[in-house]
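Work through the two exercises below with the model open. Each task is followed by a stepwise solution.

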Amino acid sequence: MIALLLFSVLAAAAVWLAGRKDPALDPRLTTVVLALLGVFPVLLVVIPKLIVIPQPVAEAQAPSWKVWLAVVWISGFLVEVVRLLAAWRKVRGWAEGSTLLETVEGVEIRSLSGLRGPVAAGVREQIVFVPGDWLVWEEDLRKMALCHELEHHRRRDPLRRWIAGIAVAVNWFNPLVRWIVRRLLIQCEYSCDATVIRSGVESRRYAKALCDLAEDRPLKGPALAMAERGGLEARVRRVMEPQRGDSGLASGVLILLAVGAAALLALVGQETITGYTKTEIHQRRTADPFPGL
């Protein structure tokens with residue numbers, strides 16, 4: 001647990017460091033650290049134990065507080081998993097209750113009443129849900145919205161959101177992980193916004209569309225709306241500013257450091273020294289390995 005918390009601190013620091021000048025830069029780092037946070041308990045099991053001090057023949061029983069801590073963690077984990085599954089089921093319900101309009105680049109465009117703006121969802125079956133009155137929208141607005149949502153699928157952003165959901169389930173108690181997830185989601189939106197602007201859309205026109213289509217409530221689970229209210233102000237400001245370049249080299253170095261830190265902390269976290277008193281542990285650590293020489 002301590003190793004997991006320490007890695008979350010290092011991961012948040014790496015994400016902040018990569019985006020200190022521009023939070024939109026390179027969501028690959030954010031995705032990698034969330035994936036590592038999601039599989040960290042598996043690393044603790046898979047990586048061989050680091051036995052610094054041999055165990056006594058009869059190991060002491062685990063303290064009761066550890067059992068209760070495990071019960072609390074499992075309860076929170078199951079709650080988050082149920083939420084993820086409920087969100088997935090909701091998207092499946094949308095697919096079953098929607099009407100197929102067309103297929104663009106292998107992505108199904110489906111009309112669904114009750115939506116305010118387009119929503120990208122689905123990893124294996126890629127879908128863009130559009131409002132019921134989609135066909136009466138202005139052509140320019142439809143092109144902007146569709147360009148944005150198709151870019152989500154090109155970038156595999158619904159998969160990134162699933163990874164984020166798993167990381168939150170494993171680390172449901174950790175506010176740093178939720179902060180990293182929020183950073184990832186805004187990075188995804190920044191990237192799709194930039195694609196729309198590069199396609200030739202006038203910045204002011206696009207910013208107005210974002211405000212007009214803003215969703216009143218954030219979507220839950222692996223779905224991404226074009227204009228959620230969370231981070232909308234920052235997105236509008238960014239659309240109106242000149243675009244910055246991507247610092248891929250620095251992010252690549254930080255990704256390697258994050259992977260190395262996760263492996264090292266998982267290895268160190270496997271050291272077990274239960275069954276000894278503090279005096280015995282100190283004596284074993286400081287004992288002369290070659291007495292009499």
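**Exercise 1. Place one strand in its sheet.**
Find the bridge partner of Ala121 in β4, then decide whether β4 is enclosed or open.

*Solution.*
Step 1. The bridge partner of Ala121 in β4 is Ile127. Strands here are DSSP E runs of at least two residues, and helices are H or I runs of at least four, numbered from the N terminus.
Step 2. Strand β3 (residues 119-121) runs antiparallel to β4, joined by 3 bridges. Two strands pair if DSSP finds at least two bridges between them.
Step 3. The β3 and β4 hairpin has 5 residues between its strands, and Gly122 there has a positive phi near 100°.
Step 4. Strand β2 (residues 107-112) pairs with β4 in the parallel sense, over 5 bridges. Arg110 stands opposite Phe129 in β4.
Step 5. In β4 (residues 127-131), 5 of the 5 residues are buried, so the rest of the structure largely encloses this strand. Buried means under 20% relative accessible area, exposed over 50%, partly exposed in between (1.4 Å probe, protein chains only).

**Exercise 2. Locate Leu176.**
Which helix holds Leu176, and is Leu176 buried or partly exposed?

*Solution.*
Step 1. Leu176 belongs to helix α6 (residues 175-198).
Step 2. Its relative accessible area is 30%, so Leu176 is partly exposed.

**Notes on the model.**
This is a predicted model: local features need pLDDT of at least 70, side-chain atom pairs count only at pLDDT 80 or more, and totals for chains, interfaces and linings use all residues. Residues are numbered from 1 along each chain as its sequence is written, and side-chain values use heavy atoms, with hydrogens and water left out.
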